[in-house]
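Dear colleague,

Here is the structure for you to look over. My notes come after it.

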Amino acid sequence: MENRSLVTIAEYSKEKILYLLEMAKQFEKNSNRKILDGKVVATLFFEPSTRTRLSFETAVNRLGGRIIGFSDAATTSSSKGESLKDTIMMVSNYADLIVMRHYLEGAARYASEIAPVPIINAGDGANQHPSQTMLDLYTIYQTQGTLENLNIFLVGDLKYGRTVHSLIMAMRHFNPTFHFVAPEELKMPEEYKIYCRQHNIKYTEHTDFTEEVIANADILYMTRVQRERFTDLMEYERVKDVYILHNKMLENTRPNLRILHPLPRVNEIAYDVDNNEKAYYFQQARNGLFARQAIICDVLGITLDQIKE
Ligand code: CP
């Protein structure tokens with residue numbers, strides 16, 4: 001049987017991405033449809049989450065499916081030493097689909113290779129977060145009217161931020177220019193810069209985060225410094241507040257600029273930005289519901305024709 005898992009966005013063609021965005025649009029028109037009747041979806045979260053887990057679970061509930069799972073692995077038999085393999089094999093006995101977040105890079109790939117049911121990667125360490133990317137793409141299209149030829153600024157923790165890694169890969173189809181804004185300690189890893197060069201993706205790098213630097217931005221994608229990935233907490237303390245976006249920095253930015261953030265934010269966007277019409281991160285999180293409904297349907301083999309009203 002074809003493995004329909006979503007492990008990395010790199011596996012999605014341009015056509016597939018556009019197809020899923022159209023599906024998400026249908027779900028934004030109406031997210032309550034009983035098309036998962038009789039289906040059980042497991043959400044296995046080995047790392048904390050608010051948006052990803054709750055939006056996946058809302059997605060299933062609104063489509064008439066049932067949810068099992070856990071949000072704290074300490075309450076499961078993995079705390080007794082049960083392996084990831086055994087956990088996945090057990091849950092596959094109960095569920096039609098597994099949505100999994102894990103702290104180990106590659107955990108979702110491994111799960112997808114052993115599980116008899118599809119796996120959706122809800123974040124694996126600092127590696128990938130493909131469902132976040134689908135909602136990011138949906139939001140970028142919604143705010144810009146296109147995905148093509150945009151100036152996208154990625155700001156903050158580009159080393160450990162899995163959302164920015166996935167976004168780069170997805171945008172390879174749309175001729176973006178990326179601007180990586182990060183301190184030396186949190187620079188975009190070399191492997192993603194190599195990926196950009198291999199796919200003719202233009203990029204520049206900056207260590208300053210100023211009005212002048214962001215003047216031509218269409219999308220300003222802010223990220224949190226990922227404390228949980230640091231082995232040296234002194235280093236985290238040094239860089240945690242390195243960039244903070246304030247409202248006054250937005251005065252001379254492009255009218256079409258929208259500020260995105262995968263959330264949660266800590267200090268990197270000042271609260272005075274929230275009322276600026278260019279702030280779009282809460283709408284972005286809302287779009288997670290529609291994008292994830294599209295992904296769930298797709299991995300379960302439900303087509304766009306079947307959901308069109
Ligand atoms: N954006 C995101 O993954 O948020 P959560 O960690 O709250 O799921």
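The notes below cover a sheet, a helix packed on it, one residue in that helix, and a further helix. Please keep in mind that this is a predicted model.

The sheet is open and has four strands in the order E2-E1-E3-E4, with parallel pairing. Strands E2 (66-70) and E4 (119-124) are at the edges; each has a single partner strand, so one side of each has no neighbour in the sheet. On average, neighbouring strands are turned by 15° against each other, direction ignored. Strand E1 (residues 40-45) is paired with strand E3 (residues 97-102) through five bridges, in the parallel sense. In this pairing, valine 41 lies opposite leucine 97 of E3. Helix H3 packs on the sheet, where it touches E1 and E3, and its direction makes about 155° with that of E3.

H3 spans residues 84-92 and contains threonine 87. Threonine 87 counts as buried because its relative accessibility is 10%, and the cut-off is under 20%. Leaving aside residues up to four places away in sequence, threonine 87 touches Phe46 and Glu82. Its C-alpha is 9.6 Å from that of leucine 44, although the two residues are 43 residues apart along the chain.

Helix H9 (residues 281-299) has 19 residues and reaches 27 Å from first C-alpha to last, close to the 27 Å expected. H9 nevertheless has a kink of about 25°, centred on asparagine 287. Of its 19 residues, 15 are buried, so H9 is largely enclosed by the rest of the structure. Glycine 301 follows H9 and has a positive phi, near 85°.

Regards

Definitions and conventions:
Residues are numbered from 1 along each chain as its sequence is written. This is a predicted model: local features need pLDDT of at least 70, side-chain atom pairs count only at pLDDT 80 or more; totals for chains, interfaces and linings use all residues. Side-chain values use heavy atoms; hydrogens and water are left out. Helices (H or I, at least four residues) and strands (E, at least two) are DSSP runs, numbered from the N terminus. The expected span of a helix is 1.5 Å times one less than its number of residues. The bend at a residue is the angle between axes fitted to the seven residues ending there and the seven starting there. Buried means under 20% relative accessible area, exposed over 50%, partly exposed in between (1.4 Å probe, protein chains only). Contact means heavy atoms within 4.5 Å. Two strands pair if DSSP finds at least two bridges between them. Axes are lines fitted to C-alpha atoms, for helices over the stretch in contact, and angles run from 0 to 180 degrees between N-to-C directions.
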